[in-house]
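Dear colleague,

I am passing on the structure below, together with some notes on what came out of going through it. Please read them beside the model itself.

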Amino acid sequence: MATANRLEGIGEYYFSTKLREIDELNKQGRNIINLGIGSPDLPPHPAVIQTLQEEAAKPNVHGYQNYKGAPALRNAFKDWYQQWYGVTLNADTEILPLMGSKEGIMHICMTYLDAGDQVLVPNPGYPTYRSAVKLAGGVCIDYGLKAENNYAPDFEALENLDLSKVKLMWVNYPHMPTGQLATANVFSKLVAFARKHNILICHDNPYSFILNDHPASIFSVEGARDVAIELNSLSKSHNMAGWRVGVLCAAKERVDEVLRFKTNMDSGMFLPLQLAAAKALTLGREWYNEVNAIYAERRQKVYEMLDMLQCTYSREQVGLFVWAKIPATYKNGYELSDAVLYESNVFITPGGIFGDGGDGFIRISLCGSLTRFEEAIERIKKTIIETRDAQTASR
Ligand SMILES: Cc1ncc(COP(=O)(O)O)c(C=O)c1O
C-alpha cells in the first residue's frame, strides 16, 4: 500500500530500529548492555503505586475522562510549578495534562503549522521535533548549538536568517543530548527574540530535576506567557516513563487552541493514573535527592568508561545522559558506537542521530544499575582497550 506523502522522509524512529537489532543480537546470546535509551530503570515512589492500586480498585473510575484532565492533576501541576519553578499558573485555564510530552510535540505542530511554515529546530536536538514538524507539513530550519557557545542559540546568526516564514521555535533546556543548562539570560533572549519576530517558542523541559538543584521554567521570564508554551513530564523526574504523563503549560488561548486538535485525538487519561501522578507531584526534596544520589554514583562509572575510550566531556552537565566528544581515531560517533556494540556487546548512542551537529559525539544513558556499568567497563576493557593497547605496543 502506498503511504501518504507526509511520511516521505520520515523513517522509523532510530531507537525502534536499533532495539530490534539489539533483540536479534540477544537472541544470538550476546546479552547486550543497553546504555542507549533514557528510560528510568528505577520504580516510582511506593505511595504513587499505592494510589494507583487503590484508585483502580474502585468501581466508578473506569469511564472516559475529562478532555482537559482531572482537576486534581491540574491542581497538582499548578502547585508543583509554584513550589519548584516559582511560577504561578491557573489550574483551570493554563495547564493541560498530556499522555507524555512527546504527544504534546505533535499536537503543537498540528495545531499551528500549515504546509511550508518554517520551524527553528535545535541541532543537535531531540529527533521528534524534526519528525513532528515534517509530519505536520512544516519545514525545519536547523539552528546549530555549539559547545564553545555553551550550547545556547547563536542569536546573531538567527537574526541574519530570513525569519519571515518562521512560525515556531523548538527549545529544550536542560538540553538533550548535551546536558547543558540554560542561564536566565538565554530564556530572556529567547522571549525577546520571539516577541520581535512573532515566533511561538516551544520549550520542552523534561530534564529539569535530574542531577540539577535549580529547576527553571521559561515562564520565570516576564512576558514569556505571551510568546511561549512549555512542555513538562513525569517520565524522568518521577521514574514514570511508561505511565505516559506530561503537561502543556501556556496562556489560556494557547491551551484552547491545542485542545481543538487534541480533543480529536484521544478521550482523556485513566483517572487512577491521573490521581497517582498527582500524588507523585507532591513528593518533596527527599525524593529528588534520593534518585539523584543514585544517578550521581552511576555517572562516576560513565566518566570512567569515557576516560577509557579517550572521550572528552564536561562535568557540568545535568540530565539523564553524559554527552562526550569522541577521539580523532574514530570517524564519527556511529563508528565508535558500532565498535562498542559489536566488539564489547554494549550499546551507546551515536551523537549523529540528534543531527549532524552531534556527529563527533556519543551519548551514554544513566539508566542502568551500577553492576551493569561495571560489567560494561570490564567488557570494553577486555576488547577495545586491550586491542588498542596491543596495537600501540606493536608500533
Ligand atoms: C528532550 C525530550 N523531550 C521529550 C521527551 C519525551 O518524553 P515523554 O516521556 O514525556 O513523552 C524526551 C524523551 O526521551 C526527550 O528526551
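The mean positions of the 40 positive and 45 negative charges of the chain are 2 Å apart, where Lys and Arg count as positive, Asp and Glu as negative, and His and the chain ends are left uncounted, each charge being placed at NZ of Lys, CZ of Arg, CG of Asp or CD of Glu.

This is a predicted model, in which local features need pLDDT of at least 70 and side-chain atom pairs count only at pLDDT 80 or more, while totals for chains, interfaces and linings use all residues. Residues are numbered from 1 along each chain as its sequence is written, and side-chain values use heavy atoms, with hydrogens and water left out.

The domain assignment, which is automatic or taken from a database, gives domain 1 (5–43 + 285–394) and domain 2 (46–280). Their C-alpha centres lie 26 Å apart, and the contact between them (heavy atoms within 4.5 Å) takes 34 residues from domain 1 and 30 residues from domain 2.

In the chain, 75% of the contacts with a separation of 6 or more are made by residues 24 or more positions apart. Of its 395 residues, 55% count as buried, meaning under 20% relative accessible area with a 1.4 Å probe, protein chains only.

The C-alpha atoms fill a box of roughly 70 × 55 × 50 Å along the principal axes.

With kind regards

Terms used. Buried means under 20% relative accessible area, exposed over 50%, partly exposed in between (1.4 Å probe, protein chains only).
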